[in-house]
Amino acid sequence: MTTSEASAGADAREPAPAAPLAPPGERGAVRRLRAVGRAFEPVRRAPVTVFVVVALWAVGAFTGSLGAGPSRRLLSDIGVGVPALADGRWWTPLTSILWCPGIGNYIGSTLLLLLLGAAAEQRMGSVRTAVVLVLGQVLGSLLGTGVVKLGALAGEDWLDDLAQDLTATPGIGACAVGAFLSYRLGALWRRRLQLCLIVFPLMLALYVGHLQGVLRLAGTVVGLGLGALAHRDTHRLRMPHASHSEGRVLVALVVAASAVGPIIATLYKDSLGPFNVLDLYVSGGPGAQDIAAACVRAGSADCARIHAQDHFHGSPAMLMGIAIPMLLLVLAEGLRRGLRLSWRITVAAQLVWLGLMAYLLGDIAAHPDRYVLEGSDLSDQKAAMVQAVVEQMMLPLLVLVLLFLTRRLFDQQLSRTTVTWLAGAVGGSLLLACGAYVGIGYAVRDQFTPDATFPKLVSGLPTQFLPPNYEPFFFQGQAPIPAGGTALSLYEYCGMLFWVVTLIALFLAFRRPLMHADPDAATRARALLTAHGGGTLSYLTTWPGNHYWFAADGRAAVAYRVHSTVALTTGDPFGEPSARADAIDGFAAYCDQRGWTPCFYSVTADAKARTDALGWSSVQVAEDTVVPLPELAFTGKKWQDVRTALNKAKKEGITAEWHAFPEAPIALTDQIRSISEEWVADKGLPEMGFTLGGLDELDDPRVRCLIAVDGDRTVHGITSWMPVYGDGEPDRPVGWTLDFMRRRSDGFRGSMEFLIASAALGFKEEGARFLSLSGAPLARSDTAEPPAALQRLLDYAGRTLEPVYGFRSLLNFKAKFQPQYRPMYMCYPDPAALPAITRAIGKAYLPHMKPSQGVRLMRKLTA
């Protein structure tokens, strides 16, 4: 079916009785108010969360703590920490829930409360949420403070510093509530939420190193413990089983967290975590004290170098300071898809990091004077440096262990074409950067201090692809020092060029779908379809652009197309009826192995029942309209419009002719093309595809076209009908599905009713069981069941697109033929993949939309 169906039938509809309406402006205002009310509905059902958030901001405003946080005096009264408990201020674990240190923490804590608290109240009630929030705040504060005190007694410098601090944040209780809530979720979200609440606070604690980070992590531990006690009958302590796809997601989350932690640490000027001591993982610019210390002697090389670094971090090239964590974030996307190449690069990156740290340990042992400030005790400074390096090695070591334990999950290979393209992009950018630095650098060698020689420029190449902070540790002045001009630009941008190209190339390569072409698959799929049949939309599986998955025994198949990482099916599985349900499981496992998200699109209630059993989510996306043919008779008042169209066509000399489009007379096909192009040109909008056929889909001898022509051989309208095959009747259609509809703008106005009615009568005489008018996307008949949030969103999208594509008018037009309504669904396993699924559906329906058409579409939607 094409999008012109709506306009084809809209002219023939009888006007509905007028109803009193509010003014347009008032109706729009009411809709906006209702939309806002629905958006805030989850918050309205969370009174405890709303109370805590309002109290937090009210107390903060009253005490003047919203700017830089509570004053030192106020913090000493309400803040929790080792000094507070040591002085007997026993109330501080509870009072710390109503203050935050700084406006940034107020915003972060509010978002955490609204996200976790509101969800918890809806799932486990307000009373229980309040109890867990208070218990988590108190017990988490006590546990975290105890850990800090024990670490200080054990001689850990970082925790010894924290033992002098006080803090206040409701994030402790919020993390406890989230951890407790995780036991009320399904296995998929339980694992993800628990992992995020452990790994991300842990990374923030280790990199930012503030007391509140340690206490938030302790709150998560308390929440997990309380949840395990409260749900010990339903959630036993055991290693949870995860699918291949979910295992990849969890590993990717860990790698991403190891990158996000240091990136966030750069937002804090006073980060003091044990993993952030050397300023290597995320490199920042030198401070005023560092510059002064390096420039004690006028004209020294260290002074010139540190000034070059300072200029580097004041330019756009400062992004190289987060090159390593950005690389890990891109690699995490490849790990999520199960790519072996991403696994290998991640392992190599961690090994290189460990190698650099091992080299640094050896250099500290051999030359401790390089790392000790003047006037400092040599042995103490050396011990502190060794401890810092060892701590830096812990994270990559743990990530390596995780990667090796889960290496079997990452077995997907990029295509040879993609690998070749990736190698060319990365290698080309590397050669270009090296050639530019050495070649141009030698041409402006007098702009270095001292003048650069060719060997020095070559030996300094490694430093150009790492942040400047690495040079003092690993290269000890091998690179020439730029004094200004072009040399300084080379120093700043050669490495940046390489990293930008590499990261973009890796991300694009990882996002490319992994397809395994089978040239005979389309022939096998068509044979299976004609032999055993499928649903009313199954003939769409023969259209170009589809790939095919076959069951191991060859009894069923699934047609799909991949956009990014989403495998979007074309209707239900087809083949032997007894094998179709199992095909859903098999195709889901096939996608799981390849790192794809399966999405069964426009499927029937039978397919939905199987995905429901698998624990998937679903939403109605269309409504099929089926007309039974054996008892069809156009009698009675409800068929008045159809009879009128048949009678008017007879009076005006218009007849219906059957043709196969590839064999139709050229005089007719030219008119059909002209009618179709007229609609496209008039709309100025892209013609939709995927489940909506166009002229290309007519070029099939099995598709039958019914054309309305007059005595002068003028085409007034055309409909196309796809065969529906049934099991046990090979190559014999048991029904027909309407697809393509077009009518001449100045032609016979009832041409669509005439053609559909004529087709129904003809198919009835041939013995067909039914006729499907197909489904209208984003349109459905009203039901008594209240729609869920996602269903309301799709209904809103249908209303918004109505002036452009007319899906709802199309559904109303089909009601003239008294069809049976059969809902069609979209079924998907992971709600977190909905944004990717939405993009995939958009690309499937509008694969060739031009930017100008996109702008025109948005203008029509916002008019």
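## Packing of helices α8 and α11

In this predicted model, a set of residues in helix α8, namely Ser109, Leu112, Leu113, Leu116, Gly117, Ala119, Ala120, Arg123 and Met124, meets Gly171, Ala174, Cys175, Val177, Gly178, Phe180 and Leu181 of helix α11. Helix α8 covers residues 103-124 and helix α11 covers residues 171-181. Their axes lie 9 Å apart and form an angle of about 35 degrees. The crossing of α8 and α11 is left-handed.

An α-helix has 3.6 residues a turn, so residues three or four places apart point the same way. The contact set of α8 includes Ser109, Leu112, Leu116 and Ala120.

## Two further residues of helix α8

Glu121 also belongs to helix α8. Is Glu121 buried or exposed? Its relative accessible area is 5%, and because the limit for a buried residue is under 20%, Glu121 counts as buried. Beyond its neighbours within four places in sequence, Glu121 is in contact with Arg45, Ala46, Pro47, Val48, Thr49, Ser126 and Thr129. Arg45 and Glu121 are separated by 76 residues in sequence, while their C-alpha atoms are 7.5 Å apart in space.

Ile107 is another residue of helix α8. With a relative accessible area of 43%, Ile107 is partly exposed. The C-alpha atoms of Ile107 and Trp57 are 9.7 Å apart, and the two residues are 50 apart in sequence.

## Helices α13 and α17

Helix α13 comprises the 20 residues 211-230. At 1.5 Å a residue, α13 should span 28 Å, and the distance of 29 Å between its end C-alpha atoms agrees with this. Of the 20 residues of α13, 14 are buried, and the helix is mostly covered.

Helix α17 comprises the 14 residues 323-336. Its expected span at 1.5 Å a residue is 20 Å, and its end C-alpha atoms are 20 Å apart, in agreement. Because 11 of its 14 residues are buried, α17 is largely enclosed by the rest of the structure. The buried residues of α17 are Ala323, Ile324, Pro325, Leu327, Leu328, Val330, Leu331, Ala332, Glu333, Gly334 and Leu335. Just after α17, Gly338 adopts a positive phi of about 75 degrees.

## Nonpolar cores

The largest nonpolar core contains 79 residues. Which residues have the most contacts inside it? They are Val148, Leu162, Met203, Leu335, Leu403, Tyr437 and Trp499. Helix α24, residues 485-511, supplies the largest share of this core, 11 residues. Another core, of 29 residues, lies apart from it and has Trp721, Ala759, Leu773 and Phe813 among its members.

Leu335, one of the buried residues of α17, is also among the residues with the most contacts inside the largest core. When neighbours within four places in sequence are left aside, Leu335 is in contact with Arg248, Val251, Ala252, Val255, Ser342, Trp343, Thr346, Leu403 and Phe410. Leu403 therefore appears both as a contact of Leu335 and in the list of residues with the most contacts inside the core.## Strand β13 and Ser772

Ser772 is located in strand β13, residues 770-775. Its relative accessibility is 0%, and Ser772 counts as buried. Not counting residues up to four places away in sequence, Ser772 touches Thr536, Asp624, Thr625, Val626, Trp721, Trp736, Thr737 and Leu738. Trp721, one of these contacts, is also listed in the core of 29 residues.

## Positive phi outside glycine

Ser602 is not a glycine, yet its phi is positive, at about 55 degrees. This residue lies in strand β7, residues 597-603. With a relative accessible area of 6%, Ser602 is buried.

Arg713 is likewise not a glycine and has a positive phi, of about 65 degrees. Where is Arg713 found? Arg713 sits in the loop between β10 (704-709) and β11 (715-725). Arg713 is partly exposed, with a relative accessible area of 36%.

## The protein as a whole

The secondary structure of the protein comprises 35 helices and 14 strands. The protein has 863 residues, of which 51% are buried. Among contacts with a separation of 6 or more, 77% are between residues 24 or more positions apart. The accessible surface amounts to about 39300 Å², and carbon and sulfur atoms account for 61% of this surface.

Notes
Residues numbered from 1 in each chain as written. Predicted model: local features only at pLDDT ≥ 70, side-chain atom pairs only at ≥ 80, totals over all residues. Heavy atoms only, no water. Helix = DSSP H or I, 4+ residues; strand = E, 2+ residues; numbered from the N terminus. Expected span 1.5 Å × (residues − 1). Buried < 20%, exposed > 50% of the residue type's maximum accessible area, 1.4 Å probe, protein only. Core = buried A, V, L, I, M, F, W, Y, C linked by side-chain atoms within 4.5 Å. Contact = heavy atoms within 4.5 Å. Areas by Shrake-Rupley, 256 points an atom, 1.4 Å probe, with all protein chains shown as cover. Axes fitted to C-alpha atoms, helices over the stretch in contact; angles between N-to-C directions. Left-handed = near helix turned anticlockwise from the far one by under 90°.
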